[in-house]
Amino acid sequence: MKELREVIRDLRDDHDMKQREVAAYLNVSPQCYQSYESGRCAVPTAVLIALAKLYRVSVDYLLGVDTSYLGSTNLTNIYYNGTTMHKVVYDIQRVKKNKRQELLTFIQFLIEDDE
């Protein structure tokens with residue numbers, strides 16, 4: 001299970017945000033926010049709630065109780081090598097119906113191979 005500091009860093013990265021941007025949103029200094037991500041300081045409850053709202057996840061997700069977050073839902077974000085999530089989803093939708101099960105099986109294979 002990831003530590004809170006790793007979860008908030010990963011979410012910030014997923015949303016292509018800088019530490020100073022998140023600090024400004026939270027109305028804390030950049031140094032204060034850096035201390036949350038480094039694990040040097042405990043994250044106050046009010047900050048947890050604000051981060052959950054910012055990233056559209058539950059506080060349970062931030063704390064590692066719920067792991068259902070799948071990443072940024074911004075389809076204009078780059079997924080890999082200049083390709084946006086919109087293009088990935090578009091291409092998946094173009095797969096012929098008779099090939100969709102193969103695609104899903106292959107994706108599951110890749111996921112399990114990495115685990």
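A crossing of two helices is called right-handed if the near helix is turned clockwise from the far one by less than a right angle, and left-handed if the turn is anticlockwise. Keep that in mind for the first stop, and remember throughout that this is a predicted model.

**Stop 1: two crossing helices.** Select residues 19-26, which form helix α2, and residues 45-55, which form α4. Their axes come within 10 Å and cross at roughly 115°. The crossing of α2 past α4 is right-handed. Now show side chains where the two touch: on α2, pick V22, Y25 and L26; on α4, pick V47, A50, L51, K53, L54 and Y55. Colour them by class and you'll get 8 nonpolar residues, 1 charged residue and no polar ones.

**Stop 2: the core.** Stay with L51 for a moment. Which residues does L51 contact once its neighbours within four places in sequence are left aside? Light up I8, V22, L26, Y33 and L62. Next, widen the view to the largest nonpolar core, which has 19 residues. The members that touch the most others are L11, V22, Y33, L51, Y55 and L62. Two or more residues come from each of α1 (4-14), α2, α3, α4 and α5 (59-63). Which helix gives the largest share? That's α4, with 6 residues. As general background, nonpolar side chains in soluble globular proteins tend to be buried together.

**Stop 3: the aromatic pairs.** There are 2 aromatic pairs to find in the structure. Begin with Y33 and Y36: the ring centres are 6.2 Å apart and the planes sit at 85°, so this pair is edge-to-face, a label that needs planes over 60 degrees apart. Both tyrosines belong to helix α3 (residues 30-38), 3 residues apart, or about one turn of the helix. Buried or exposed? Y33 counts as buried because its relative accessibility is 0%, and Y36 is buried too, at 6%.

Then jump to F106 and F109. Their ring centres are 6.2 Å apart with planes at 25°, so the pair is stacked, which takes planes under 30 degrees apart. Both phenylalanines lie in helix α7 (residues 100-114), 3 residues apart, about one turn of the helix. Switch on a surface here: F106 is partly exposed, with a relative accessible area of 45%, and F109 is partly exposed as well, at 48%.

Conventions:
Residues are numbered from 1 along each chain as its sequence is written. This is a predicted model: local features need pLDDT of at least 70, side-chain atom pairs count only at pLDDT 80 or more; totals for chains, interfaces and linings use all residues. Side-chain values use heavy atoms; hydrogens and water are left out. Axes are lines fitted to C-alpha atoms, for helices over the stretch in contact, and angles run from 0 to 180 degrees between N-to-C directions. Helices (H or I, at least four residues) and strands (E, at least two) are DSSP runs, numbered from the N terminus. Contact means heavy atoms within 4.5 Å. Ala, Val, Leu, Ile, Met, Phe, Trp, Tyr, Cys and Pro count as nonpolar, Asp, Glu, Lys and Arg as charged, and the others, Gly among them, as polar. Rings of Phe, Tyr and Trp (its six-membered ring) pair if their centres lie within 6.5 Å; planes under 30 degrees apart count as stacked, over 60 as edge-to-face and the rest as tilted. Buried means under 20% relative accessible area, exposed over 50%, partly exposed in between (1.4 Å probe, protein chains only). A nonpolar core is a set of buried Ala, Val, Leu, Ile, Met, Phe, Trp, Tyr and Cys residues joined through side-chain atoms within 4.5 Å.
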